[in-house]
Amino acid sequence: MNLTLPRFFWSEYRKRRKRAALITFALFWGTLSILLLMAFGQGMSTQARVSFSGLGQTLIMVYGGQTSLPFEGLPKGRPIMLTAEDVDYLKERIPEILRIAPESYSFLPVSAEGKEVNRTVHGTTAEFGIMRTQVPQLGGRFLNADDVALGRKVAFIGWKVAADLFGSAAAVGRTIVINRVPFTVVGVLQKKIQDSMYNGPDAEQVYLPFHAYRQIDNRRRINQIHIQPRDPARSKMIESRVQTLLGRRFRFDPADRYATSFWNTIEDAKEGQAIFRGIEIFLGIIGALTLLIGAVGVTNLMYAVAKERTKEIGVKLAIGARRRVIVQQFFLETVFVFAKGTFWGFITAFNIVNLVRLAPINYDSFGIEAYLLRPEFSLKIFIVYMLVLGVLCFLSGIFPALRASRANPIESLRYE
Amino acid sequence: MIELTGITKVYRTGSQSLEALRGISLRIGKGEFISIMGPSGSGKSTLMNIIGCLDTPTAGEYVLDSDKVAGLTFDQLAAVRNRKIGFVFQNFNLLPYATAWENVELPMLFDGKNGRRRRERVTELLNAVGLYEWRDHRPSELSGGQQQRIALARALANDPPILLADEPTGNLDSKSGEEIMAILTDLWREGRTIVMVTHNDHVAARSERVIRLFDGQVLP
């Protein structure tokens with residue numbers, strides 16, 4: 001490719017670049033806006049997903065309720081109390097279930113080394129840890145299958161419980177006492193962001209193996225069942241199967257909406273993601289409109305340049321320039337103006353995003369800053385930005401370039 | 001080389017029309033030095049524009065080097081101007097932001113000549129017009145005579161067989177004018193066809209033949 005003409009055009013452009021200073025700034029500002037808005041939009045979306053997954057990954061929670069319809073001669077108003085046996089019953093009959101775990105809990109005093117706090121204590125199985133994103137800090141672990149099978153007196157505690165009872169000292173291996181029964185701490189929950197919860201954040205919970213928990217709370221009923229489908233897309237079908245099977249087991253009408261209730265986080269996540277996707281798109285559009293202002297400035301500049309250079313265009317045409325040379329020159333100059341403004345906008349946005357990401361997030365009071373302090377760049381943002389930029393650059397450059405190229409050489413030569 | 005038959009040019013503005021050329025027939029042979037003279041409004045510039053392929057006639061036929069110009073597209077006309085015709089204007093028409101070197105190089109860039117050929121040719125031409133030392137200067141840093149010599153060098157860049165000069169000495173002092181005329185005369189002696197528009201009888205006297213126009217027609 002012969003780069004002499006572009007080089008020549010560049011040297012011509014450089015002689016006029018001072019005039020383009022304001023336009024360059026508008027493009028800088030537009031690029032900064034679109035990139036920052038998209039980065040913050042994507043960051044919010046990601047953080048929403050992360051904080052939602054703090055509760056669990058693709059999870060359906062099933063709760064017992066009260067019948068609202070008479071069924072097979074039985075009156076309405078009967079309580080439906082789930083038990084640990086229901087977990088096995090469902091697992092055996094619904095092959096689409098990947099994991100399933102029971103959960104019982106009570107608000108109980110928890111003490112260690114002379115300190116006592118009241119916390120929700122849960123009894124569950126090893127699978128709960130995977131489903132509910134219970135990631136242990138280094139040196140610890142969540143409850144395992146043996147803990148559950150053997151009814152070991154072990155506990156997995158939230159990081160706030162660990163801090164309340166042991167301060168900054170290591171909690172793993174220490175003993176906590178619940179209802180006068182001692183439990184050995186085997187793991188402490190790693191800090192995480194969590195915006196969906198029941199009974200408070202996981203940081204303030206205590207988890208025991210299901211059978212060990214039964215020793216301090218001997219109620220037969222359980223509070224809820226956690227289900228993770230093999231295929232998240234089939235979660236609604238699993239909900240329906242669970243409702244039908246429990247209806248058969250507890251003799252209630254499968255159409256009875258109040259006999260059981262479901263918290264389908266998969267469906268919630270879809271809705272949440274749709275909202276944040278909407279916000280992302282909205283922010284991107286605002287950014288693109290800001291960049292559009294810069295692009296309109298470039299178009300005006302290039303029209304003015306075309307007018308100002310009428311004579312020069314006439315000279316070029318007279319000495320043999322073809323139309324595409326004139327188009328090429330104006331188009332390249334538009335690209336130069338865009339490149340200069342947008343390059344520095346890109347660099348500035350990149351640095352701002354990386355600086356903001358250095359700010360710490362307070363996991364103890366998870367709030368708006370967790371959404372705002374984690375903007376992120378991605379290939380998707382880059383592609384969207386380049387597409388918007390390409391379209392605006394093309395539209396800004398092509399019309400002045402075409403007008404310039406259609407100049408009549410004689411009239412252009414006469415132009416003063 | 002240049003053959004014009006019944007050339008008419010009519011300019012229309014709204015409902016009015018102005019006949020700038022009225023059936024001009026003219027033949028200019030290869031290697032001729034022609035002057036076109038006439039009062040203002042006689043059609044000299046219009047005729048030059050048509051000969052220079054900057055404009056097309058309303059009627060009549062223009063044959064340049066055995067090719068009919070009428071059927072050529074805008075870009076084909078540009079190619080003809082680039083390779084076959086060199087223009088020298090009264091007010092030089094150099095690109096103000098380009099250096100003397102760049103101005104001379106430009107027609108070769110439009111012709112797609114490679115860097116080495118361009119460098120050799122620009123060096124040769126700037127030396128020929130005595131301005132090689134001024135190669136990095138912009139037009140505003142040169143005198144009128146120097147600018148016209150640069151314009152002449154630019155006109156010769158692609159070694160065209162025809163030079164069209166529109167009042168080449170009109171904006172110059174007599175000494176610079178003489179220098180330009182000397183160069184044009186040398187170029188004619190080398191075999192180039194020169195067509196020059198002038199008001200100046202003294203300048204026109206340097207040419208072989210003078211064509212006088214009046215009201216868009218050639219005076220007998």
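Here a trainee and a mentor talk through a predicted model with chains A and B.

Trainee: Let's start with trust. How do you know how confident the predictor is about chain B?

Mentor: Look at its pLDDT: the mean for chain B is 92, and 100% of its residues reach 70 or more. Within chain B, confidence is lowest in strand β5 (residues 67-68), at a mean of 86, and highest in helix α5 (residues 144-155), at 95. The model also scores ipTM 0.92 and pTM 0.69.

Trainee: What makes up the secondary structure of each chain?

Mentor: Chain B comes to seven helices and 10 strands, while chain A has 14 helices and nine strands.

Trainee: Why is Val50(A) called partly exposed?

Mentor: Count its neighbours. Val50(A) has 16 C-beta neighbours inside 10 Å. Buried takes 20 or more and exposed takes 12 or fewer, so a count in between is called partly exposed. That is why Val50(A), with its 16, counts as partly exposed. Val50(A) sits in helix α2 of chain A, and its C-alpha atom is 8.8 Å from that of Lys192(A), 142 residues away along the chain.

Trainee: And how many residues are buried, chain by chain?

Mentor: In chain B, 49% of the 220 residues are buried; in chain A, 44% of the 416 residues are.

Trainee: What makes you say that α3(B) is mostly covered?

Mentor: Of the 12 residues in α3(B), 11 are buried. Among them are Trp101(B), Val104(B), Leu109(B) and Phe110(B), along with charged ones such as Glu102(B) and Glu105(B). Just after this helix, Gly112(B) takes a positive phi of about 80 degrees.

Trainee: Which residues does Val104(B) touch, beyond its neighbours in sequence?

Mentor: Leaving out those within four places, Val104(B) is in contact with Val122(B), Leu125(B), Leu126(B), Ile150(B), Ala153(B), Arg154(B) and Ala157(B). Val104(B) also belongs to the largest nonpolar core, which has 142 residues, and is one of the members that touch the most others. Met38(A), Ile36(B) and Leu152(B) are on that list too. Helix α2 (residues 21-53) of chain A gives this core its largest share, 15 residues.

Trainee: What else is there in the way of cores?

Mentor: Another core lies apart from it, with 31 residues, including Ala126(A), Leu143(A), Leu189(A) and Tyr213(A). As background, nonpolar side chains tend to be buried together in soluble globular proteins.

Trainee: How do you know that β1(B) and β2(B) are paired?

Mentor: Pairing needs at least two bridges. Strand β1 (residues 2-13) and strand β2 (residues 16-28) of chain B are joined by nine, and they run antiparallel. The two form a hairpin with two residues between them, and Gly14(B) in the turn has a positive phi of about 65 degrees.

Trainee: Which strand does β1(B) pair with besides β2(B)?

Mentor: β1(B) pairs with strand β4 (residues 59-64) of chain B, again in the antiparallel sense, over five bridges. Leu4(B) shows both pairings: it stands opposite Leu26(B) in β2(B) and opposite Tyr62(B) in β4(B). The strands belong to an open sheet of four, in the order β2-β1-β4-β5 (chain B), with antiparallel pairing.

Trainee: Why are β2 and β5 of chain B called edge strands?

Mentor: Each of them pairs on one side only.

Trainee: What about the sheet of six strands in chain B?

Mentor: It is open as well, in the order β6-β7-β8-β3-β9-β10 (chain B), and its pairing is mixed. Its edge strands are β6 (85-88) and β10 (217-218) of chain B. Helix α6 (residues 174-189) of chain B packs on this sheet, touching β3, β7 and β8 of chain B, and its direction makes about 145 degrees with that of β8(B).

Trainee: What makes β9(B) and β10(B) a pair?

Mentor: Two bridges join strand β9 (residues 209-214) of chain B to β10(B), and at least two are needed, so the pair counts. In β10(B), Val218(B) is the bridge partner of Leu213(B).

Trainee: Last one: how many residues of each chain are in contact with the other?

Mentor: 22 residues of chain B are in contact with 19 of chain A. On the chain B side, α2 (74-83) and α3 (100-111) each supply at least two residues. By class, that side has 11 nonpolar, five polar and six charged residues.

Terms used. Residues are numbered from 1 along each chain as its sequence is written. Chains are lettered from A and ligands numbered from 1 in the order in which they are written. Two residues are in contact if their C-beta atoms, placed from the backbone, lie within 7 Å. pLDDT is the predictor's confidence in each residue, from 0 to 100. A nonpolar core is a set of buried Ala, Val, Leu, Ile, Met, Phe, Trp, Tyr and Cys residues joined through C-beta atoms within 7 Å. Axes are lines fitted to C-alpha atoms, for helices over the stretch in contact, and angles run from 0 to 180 degrees between N-to-C directions.
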